[in-house]
Each structure stands twice: as structure tokens, then as C-alpha cells.
Amino acid sequence: MEYLPSTALFPGDIRQQMEMVWEQIRVPLIVPVLKLAVFLCLLMSVMLFIERVYMAVVITLVKVLGRKPERRYKWEPLKEDDVELGNSSHPMVLVQIPMYNEKEVYQLSIGAACGLSWPSDRIIVQVLDDSTDPIVKSMVEMECQRWANKGINIKYEIRSNRNGYKAGALKEGLKHPYVKHCDFVGIFDADFQPEPDFLCRTIPFLVHNPQLALVQSRWKFVNADECLMTRMQEMSLDYHFTVEQEVGSSTHAFFGFNGTAGVWRLSALSEAGGWKDRTTVEDMDLAVRASLKGWKFLYLDSLKVKNELPSTFKAYRYQQHRWSCGPANLFRKMVMEIIKNKKVSAWKKVHVIYSFFFVRKIVAHIVTFVFYCVVLPATVLVPEVEIPKWGAVYIPSIITLLNAVGTPRSLHLLVFWILFENVMSLHRTKATFIGLLEAGRVNEWIVTEKLGDALKFKSAAKAFKRPRFRIGDRVHLLEMATGGYLLLCGCYDVVYGRSHYFLYLFAQAAAFFIMGFGYVGTFVPSSS
């Protein structure tokens with residue numbers, strides 16, 4: 001292959017000086033550092049590979065052996081109400097709906113909660129409104145009053161501050177006197193719409209199995225087909241529910257509470273120490289603490305609750321920051337507490353520390369970005385360092401295919417999903433280090449924006465108006481810089497390399513540039 005003329009990229013003298021400096025530092029400094037980075041990345045890849053294969057084997061055995069929840073735990077419908085005894089066979093249930101300026105979706109969750117099939121004198125619907133918009137606050141209160149007029153026992157609760165965000169609202173909600181009469185609490189975010197039989201399918205597990213603290217249902221996405229970004233999210237979250245949650249439930253009776261669409265035993269919640277706002281994953285925090293007390297969890301894959309995926313890139317980035325930073329920060333805070341705990345077995349400690357936290361919440365994010373977006377491209381510039389084919393091709397291919405089993409209908413989108421996930425791994429890795437180091441944005445909590453039907457109305461209203469393009473809102477510098485780095489490495493590989501990584505590098509650079517310019521997700525016209 002012919003080399004480009006010396007003046008192609010830089011003037012002769014400058015180019016020669018740069019080449020001289022590069023040659024002086026490459027062998028003694030760059031090569032050893034890059035070899036170490038390759039070794040660590042391959043080690044993390046193998047850890048992730050073993051974890052994925054292990055979960056694939058377990059989920060296969062669960063399906064083949066038919067280990068359904070009804071076979072592992074006692075379940076039978078609650079007895080019909082006796083005329084003389086009233087509704088005493090049905091325990092008292094509290095349903096909490098925390099919300100914050102949920103103008104577009106508040107009616108969905110309130111209506112669904114009020115439509116749950118449960119004796120009216122054995123259920124309390126509690127709307128915890130932290131809204132700062134007085135108009136939204138008034139709308140939510142009026143909706144609660146409308147259902148109260150229909151005979152629903154619904155409570156509209158507000159507080160003077162937003163201390164603790166969602167955890168603070170849920171904790172405050174449990175302090176009201178009427179909660180003392182409740183045995184269980186169901187929690188639904190503002191965009192979640194449980195089916196009427198939700199309580200009838202979950203509460204019996206808790207009633208007949210006193211060792212169970214939590215019953216978690218699966219999420220069903222109403223807007224998965226809205227855009228390519230929501231399809232990508234569906235693929236990732238379907239794997240989480242279909243495999244990760246099911247495996248945790250079947251093997252260790254432990255998994256991370258998803259923060260919504262679940263029912264807790266109030267005595268277990270109290271014994272675990274209640275809600276804490278020390279991280280941005282109060283749900284996972286509670287689940288780990290309850291598990292360390294010896295409580296068991298059950299996941300119901302067959303029970304699905306409709307909800308909405310974030311369809312704007314801005315909302316999705318904020319959500320992923322919270323979901324990546326929080327677990328890492330919680331791991332930092334709880335690792336010694338888990339090690340010193342005497343109520344659970346050593347095997348369960350290993351599962352929680354190594355599998356649940358370290359591999360899935362830390363290694364998975366770091367290796368995806370560092371290996372495939374930093375180290376692998378760097379080996380193009382340093383030919384002395386090579387990555388074995390099993391580490392560069394075979395392992396990531398198998399991991400990707402195992403991840404795709406959760407959403408068979410999207411197999412044809414697998415390449416787009418890989419590129420999308422690699423871009424998002426940049427933010428997840430950054431958030432993970434922020435959580436581990438407890439840096440500046442460690443406790444940042446921004447409520448994920450839900451659009452409901454707003455997009456349709458806004459789009460119609462703005463159909464004849466040209467949307468404004470604001471650089472600060474649409475251009476993301478980190479994505480642009482990473483895309484530039486990958487493009488440079490790809491060009492170098494075309495001219496000088498022999499690894500043919502440029503095919504991947506150009507595709508991944510394009511993905512970083514597309515998302516860097518904000519051309520992903522749904523565009524919502526401004527209201528101005």
C-alpha cells in the first residue's frame with residue numbers, strides 16, 4: 001500500500017517533528033500502556049461473557065423445567081367475601097402514585113389505579129404530588145376529587161418541599177395515619193397503567209408466602225414503535241426483564257426492584273429501614289437492604305403493566321445517567337455492609353456483589369465504551385498491539401446474540417442496536433465513574449419526561465411552523481469528539497492498517513455523529 005505524500009496532512013517540518021515525537025514515546029510508553037488496557041478489557045469481556053452464558057443456561061432450564069412462579073410458591077385466589085365477615089379475606093392495600101409535573105400522563109395512572117379490582121373498602125389510592133407547576137397541581141387535585149366523587153377511597157397528598165425526590169415522597173406518604181391499617185403497598189409511576197386484575201394476581205403470593213417481601217411485574221411499552229430509539233430501548237429492557245429479573249428470581253429470590261409496577265409487604269419495607277434518598281436508585285437500595293434481612297422476591301414475567309419509554313434523546317440521556325450513576329454509588333456505599341452481613345449465605349453475597357453489582361452495573365458499562373470505542377480503535381494506530389480475534393469478534397458477537405433473545409421481533413435491528421448501545425455506553429461509563437467517585441452530579445435527579453398524547457397535538461399545532469434549531473440543545477460535544485476520534489482511526493486503518501477495523505470504525509463514528517447532532521429519538525416542537 002502506498003503512503004500518502006508528506007504534505008497530505010501536515011506541512012513537511014511539522015509532520016516530521018510529530019512523527020519523531022510519536023516514535024520516541026510509542027514503544028517505551030504507549031505500547032505497554034495499551035497492552036495493559038487490552039488485557040484488562042479482555043478480562044472484563046470474559047467476565048461479562050461468563051455472566052451472560054450463565055444466565056442463558058439458567059433461563060433455558062427455567063423454561064424447559066417449567067419452573068413457573070405458581071410451582072415455586074403457593075398461589076390460590078383469595079376466598080370470596082362472606083356476607084357476615086365482610087371483606088376480611090382481602091388484606092388492606094395502599095396504592096402509591098408519586099408524580100412531579102406529570103401534565104401529560106397523570107390521568108392514566110390515577111384512572112388505572114382507581115380501576116383496580118379490589119373491594120373498595122380494602123384499598124386506598126394515594127397520589128403523592130410533588131408538582132411545582134400550580135396549574136398541573138390543580139389538575140391533579142381535580143382528577144382525584146373526580147374519582148373521590150365516584151366512591152373511590154383516594155387521597156391527594158402534597159408536601160412543602162421535594163426533599164429526597166421520589167424516595168422522600170414515598171417515605172412521607174407512609175407516615176399518614178390511615179397507612180397503619182394497610183398490609184401491602186403497590187407503587188406505580190405516573191405513566192404506568194396496571195390492568196384491573198393486577199392486585200388479584202400479585203397479592204395472593206404475598207398472603208400465602210410470608211417469606212416474600214416483593215412481587216415485581218414486567219413492563220409493557222405502549223410507544224415501543226414510536227421511533228428507532230424506542231425500539232432500541234425495548235431490546236435492552238426486554239432482556240433485563242426476560243433474563244436478568246427471571247434468573248435472579250429463580251435462583252436467589254433476589255433482583256433489583258424496578259421502582260414501579262410492584263407490590264411490597266409493608267412490614268418488610270419497614271424492617272429494611274424504609275425509603276432512603278442517599279442515591280438516585282432508592283428502589284434498588286431498598287431491595288438490597290430487604291434482601292440482607294433475609295426477605296425473598298418474586299418476579300412475574302406473565303404480568304405486564306403498560307408504560308411509556310422516553311422518546312426524546314435528552315430525556316433518555318438523563319434517565320441513563322441516573323440508572324448508571326445510582327447503582328455504582330450504591331455499590332460504593334453498601335459493599336462492606338453486604339460482606340459483613342450474617343443473615344444471608346456466602347453464595348448470595350457473591351451473587352449480589354459480583355454478578356448483580358460489579359459485572360452488570362459496572363463492568364458492562366465500562367468495557368463496552370473503553371474497549372470498543374477507545375482501546376480497539378487505538379490498536380489501529382499502534383500496530384505492535386493486537387487484539388485476538390476471539391476477544392474482538394467472537395465474544396462480543398455471542399454476548400450480542402444472547403442480549404437479543406428478549407426481543408425476537410427486532411433481530412433485524414441488531415446492528416443498529418450495537419451502534420446505539422456503544423454510543424450510550426459513553427454516558428453510562430461517565431455516570432458510573434461519577435457514582436464510584438461520588439463526583440459532582442452523583443445525586444442529580446431529573447424526572448424522565450413523558451409525552452403521552454402531547455406529541456400528536458403539538459405536532460399538529462406546529463405542522464406549518466419551522467422548528468427552531470438551537471445549537472446548545474442539539475449538539476453534544478462528547479459524542480462529536482468520540483466520533484471524530486473513531487473517524488481518524490478509521491481513516492488511518494484504510495491507509496496504513498491491515499486489520500479491516502475501518503468497517504466498524506466508520507459505522508460507529510457515524511452513529512456518534514448522528515447522536516451528537518441530536519438526530520435520534522422524537523423531536524418535540526417547542527410550545528413557544
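Me: Helices are DSSP runs (H or I) of at least four residues, numbered from the N terminus. In this predicted model, where is the place of Val57?

Reply: Happy to start there: Val57 has its place in helix H1, which covers residues 12-65.

Me: Is Val57 buried, partly exposed or exposed?

Reply: Buried means under 20% relative accessible area and exposed means over 50%. Val57 has 44% relative accessibility, so it counts as partly exposed.

Me: Which residues make the nonpolar surface patch?

Reply: Val57 is joined there by Val53, Leu61, Val64, Leu65 and Ile398, and the patch spans about 510 Å². Helix H1 gives the largest share, five residues.

Me: Let's turn to the sheet. What is the order of the strands?

Reply: Strands of a sheet pair through backbone hydrogen bonds, in either a parallel or an antiparallel sense. Here seven strands form an open sheet with mixed pairing, in the order S3-S2-S1-S4-S6-S5-S7. Strand S3 (154-157) and strand S7 (296-307) are at the edges with a single partner strand each, so one side of each has no neighbour in the sheet. From one strand to the next, the twist averages 20 degrees.

Me: In which sense do S4 and S6 pair?

Reply: Antiparallel: S4 (residues 184-187) and S6 (residues 262-265) pair over four bridges. To follow one of them on screen, pick Gly186, whose bridge partner in S6 is Val263.

Me: And where does Ile158 lie?

Reply: Look in the loop between S3 and helix H5 (165-173). Leaving aside residues up to four places away in sequence, Ile158 touches Asp129 and Lys137. Glu172 is 14 residues from Ile158 along the chain, and their C-alpha atoms are 9.3 Å apart.

Technical notes. Residues are numbered from 1 along each chain as its sequence is written. This is a predicted model: local features need pLDDT of at least 70, side-chain atom pairs count only at pLDDT 80 or more; totals for chains, interfaces and linings use all residues. Side-chain values use heavy atoms; hydrogens and water are left out. Two strands pair if DSSP finds at least two bridges between them. Helices (H or I, at least four residues) and strands (E, at least two) are DSSP runs, numbered from the N terminus. Axes are lines fitted to C-alpha atoms, for helices over the stretch in contact, and angles run from 0 to 180 degrees between N-to-C directions. Contact means heavy atoms within 4.5 Å. Patches are made of residues with over 30% relative accessible area and no salt bridge: like charges are joined within 9 Å, nonpolar side chains (Val, Leu, Ile, Met, Phe, Trp, Tyr) within 5 Å. Accessible areas come from the Shrake-Rupley method with a 1.4 Å probe; for residues, only the protein chains shown count as cover. A salt bridge is a side-chain nitrogen of Lys or Arg within 4 Å of a carboxyl oxygen of Asp or Glu. Buried means under 20% relative accessible area, exposed over 50%, partly exposed in between (1.4 Å probe, protein chains only).
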